[in-house]
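Proteins can leave empty space between their atoms, and aromatic rings can meet in several ways. Have the model open while you read, and look for each spot as it comes up.

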Amino acid sequence: MPEILTTNFKSDTTRIFIDSLSSDEYYLFVSSISTFDPNNTQFSKNEFLEKTLFGKRILNEDIHFMIKYYPWQKGLVYAEYDDRVDLSDSNFYAVVGPNDNDTGDYRLYKCLNNNNGSVVSNPPNYNASQQDQIYETADGYVWKYIYRITDLEFEAYNALGYIPITGTFDSNPVANTGGEISDVVVENPLDNFGYVVETGGLIGNPFTSGVMIVDPFTTWSPITNYYVGQYIYTTNPSNGISRLFEIQYYLYNNLTGNAEIRVGPELLTGAANPVAAGVLSNANFSIFPKIKITGDGSGAYGIPNIVNGRVDTITLLSRGSGYRNAVVEVVDPAYDFAPEDTTTTDVRAIARARISPDGGHGYNLIDEFKCRHFSFYAYITADDNTQIGDTNTYGAVGIVRSPDFANTSPVVFDNRIAVVTDDIDKVAANTIVIQIDSNNETTFSGVVHEVDLTSNTFYIAEYMGPYPNVANTGNGDTSLDLNLPFRNETGQTIQINSPANTNVTMSEYIQRTGEVYFMENFFPLERTDLSREEFKFVLEY
């Protein structure tokens, strides 16, 4: 028995997390002078926090929903949208980059039709005047434009094969009852047969009663009402406006060779008659079988594209709205079409509707694009380097939620202890300094991270350990005792300059606080005063 956990669950979890950002703060933590081997244990998370060297707050605008990056590439086949197909982890959309468009940015398009699995050769190109933002390209693909990513956003936030969802969008849109008809698929385009298209032109102005006098371009049937129930599709040559009607009455005039056709209201606009619908006296027209679309929504209309007697495809003139279920029927012509008769070659066309996601394509980007990833983007600038250590190495980075600070949450914090001493010649980087109490017990231990000879200052990192905190030092969260000198690895004494409380600078960060969301280690990287780092994390629920 199959058990299906839909991607909506993961998308909702991702959405809930992003929505929590208004109440939580997230920081990039840089940790560990040397190697660090993280694992998903409480010990490892504590160790990561205890070895923190510095951190920087991640701005809300630098946290994004992320989806897989499928660049548009000539020669590929893209998956088309189908409401009956699980599109998870498939390239049912493509990003057209600056090399393939005229906009100089990155534009995401959703594939609505892939021309029966053909390879692409022509990218969609954005046109602001395209009202529905649906583009049919020369290779037969149909694309729906969704959103853009600026060149700067792409360079900043793309990572590990993922791109951000950007722009103004609702991460949790109001529930919408149904969608539009995305496409109509003819499921037997090579097998159906027996359908006829008639063409002609209007003669004189159509009567407001709905009667049109037409001049057939071919020989039409002399049978009265032969075409009743079929569609007539008119197009004005001068302005290209097309209108769709259902034929209610047909009479052929054997003397003139013309025909009288009476129609109902115009189906796309609801206009009462051809004149009100803007049909001009010189309009051309086609008559073909009616495409009947029924369902729990309304407003969808399509016409058949008939090639050599076969309904090859169905073009939607209006996609409608409010659909969650729909049935498409190519209505049988009233005469000369008998697919049940084994003596004929007639075969009925079978069609089905593909219904868009609720609200239409692009309404709910998080669910529609199977979003279950999000990213954090953090960066260290030249200004940041003046507030943190710009020497030595680090071997781990991570994301920490809601760490505590003694004062207002800083944008950047240095987690090292700075000590001013006239015994600076007794201190060396990457050595250990300790404090010993009157019982000759070690009460404090840390690693010298940096020695600044110009200011007689050295900086201590990785100073958290199994020692009781001294309540009156700093934030009361370390065992450093301002009344005790330090000792180096050879036993030499290093005195804190007096007064000690003004010659020792403690970190604003309350040690070991915050929830570790992510940790990563690597070969220790060296920092200099010229270091400028970017960190991109892509996490999955």
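This report goes through pockets, cavities, aromatic rings and a few single residues.

## The pockets

Keep in mind that this is a predicted model. How do we find the gaps in it? Rolling a probe the size of a water molecule over the atoms shows where empty space is left.

Let's begin with the largest pocket, which has a volume of about 810 Å³. Its lining is made up of 28 residues, and those nearest the centre are N113, V142, D183, I314 and T315. Which strand gives the most to this lining? That's strand 18, with eight residues. Strand 18 covers residues 310-321, and strand 5 (106-113), strand 6 (134-136) and strand 9 (181-186) also supply at least two residues each to the largest pocket. Sort the lining by class and you get 11 nonpolar, 10 polar and seven charged residues.

Next up is the second largest pocket, at about 510 Å³. It has 20 lining residues, and N8, P357, D367, E368 and K370 are the closest to its centre. Here the elements that give two or more residues are helices: helix 1 (7-19) and helix 4 (365-368). The lining of this second largest pocket divides into seven nonpolar, five polar and eight charged residues.

## The cavities

A cavity is a space where the probe fits but cannot get out, while a pocket is open. The structure holds four cavities of 30 Å³ or more.

The largest cavity has a volume of about 110 Å³. Of the 15 residues that line it, K68, D89, Y93, F369 and K370 lie nearest the centre. You've met K370 already, among the residues closest to the centre of the second largest pocket. Strand 3 (residues 63-68) provides the largest share of the cavity's lining, with three residues.

The second largest cavity comes in at about 50 Å³. Residues lining it include L53, F54, D414, R416, H449 and R527. Strand 2 (52-58) and strand 22 (393-401) each supply at least two of its lining residues.

Here are the linings of these two cavities, sorted by class:

| Cavity | Nonpolar | Polar | Charged |
|---|---|---|---|
| Largest cavity | nine residues | two residues | four residues |
| Second largest cavity | three residues | four residues | three residues |

## Rings that meet

Now for the aromatic side chains, where the structure holds 39 pairs. How far apart are the ring centres of F405 and F413, and what kind of pair do they form? The centres are 5.2 Å apart and the planes meet at 70°, so this pair is edge-to-face. That follows because planes over 60 degrees apart count as edge-to-face. F405 has 11% relative accessibility, so it counts as buried. F413 is buried too, with a relative accessible area of 2%.

Compare that with F535 and F537, whose ring centres are 6.5 Å apart. Their planes are at 10°, so this pair is stacked, because planes under 30 degrees apart count as stacked. Both F535 and F537 are buried.

You can also look for a group of rings: W220, Y226, Y227, Y250, F285 and Y335 form one aromatic cluster.

## Charges over rings

Rings can have charged side chains over them as well. Take F369, one of the residues nearest the centre of the largest cavity: the charged end of K110 sits over its ring, 5.9 Å from the ring centre. R416, which is among the residues lining the second largest cavity, lies over the face of Y459 at 4.1 Å from the ring centre.

## Cysteines and one exposed loop residue

How many disulfides are there? The count comes to zero. As for single cysteines, C111 is buried, with a relative accessible area of 0%, and C371 counts as buried at 0% relative accessibility.

Finally, find N116 in the loop between strand 5 and strand 6. Is N116 buried or exposed? It counts as exposed, because its relative accessibility is 77% and the cut-off for exposed is over 50%. From there, try tracing the chain to I287: N116 and I287 are 171 residues apart along the chain, and their C-alpha atoms are separated by 27 Å.

How values were computed. Residues are numbered from 1 along each chain as its sequence is written. This is a predicted model: local features need pLDDT of at least 70, side-chain atom pairs count only at pLDDT 80 or more; totals for chains, interfaces and linings use all residues. Side-chain values use heavy atoms; hydrogens and water are left out. On a 1 Å grid over the protein atoms alone, a cavity is a set of points where a 1.4 Å probe fits but cannot get out, and a pocket is an open set with protein on both sides within 12 Å along at least five of seven lines; lining residues have an atom within 4 Å of a point. Grid points are joined across faces, edges and corners, and a volume is the space filled by probe spheres set on the points. Helices (H or I, at least four residues) and strands (E, at least two) are DSSP runs, numbered from the N terminus. Ala, Val, Leu, Ile, Met, Phe, Trp, Tyr, Cys and Pro count as nonpolar, Asp, Glu, Lys and Arg as charged, and the others, Gly among them, as polar. Rings of Phe, Tyr and Trp (its six-membered ring) pair if their centres lie within 6.5 Å; planes under 30 degrees apart count as stacked, over 60 as edge-to-face and the rest as tilted. Buried means under 20% relative accessible area, exposed over 50%, partly exposed in between (1.4 Å probe, protein chains only). A charge sits over a ring if NZ of Lys or CZ of Arg is within 6 Å of the ring centre and within 35 degrees of the ring normal. A disulfide is a pair of cysteine sulfur atoms within 2.5 Å.
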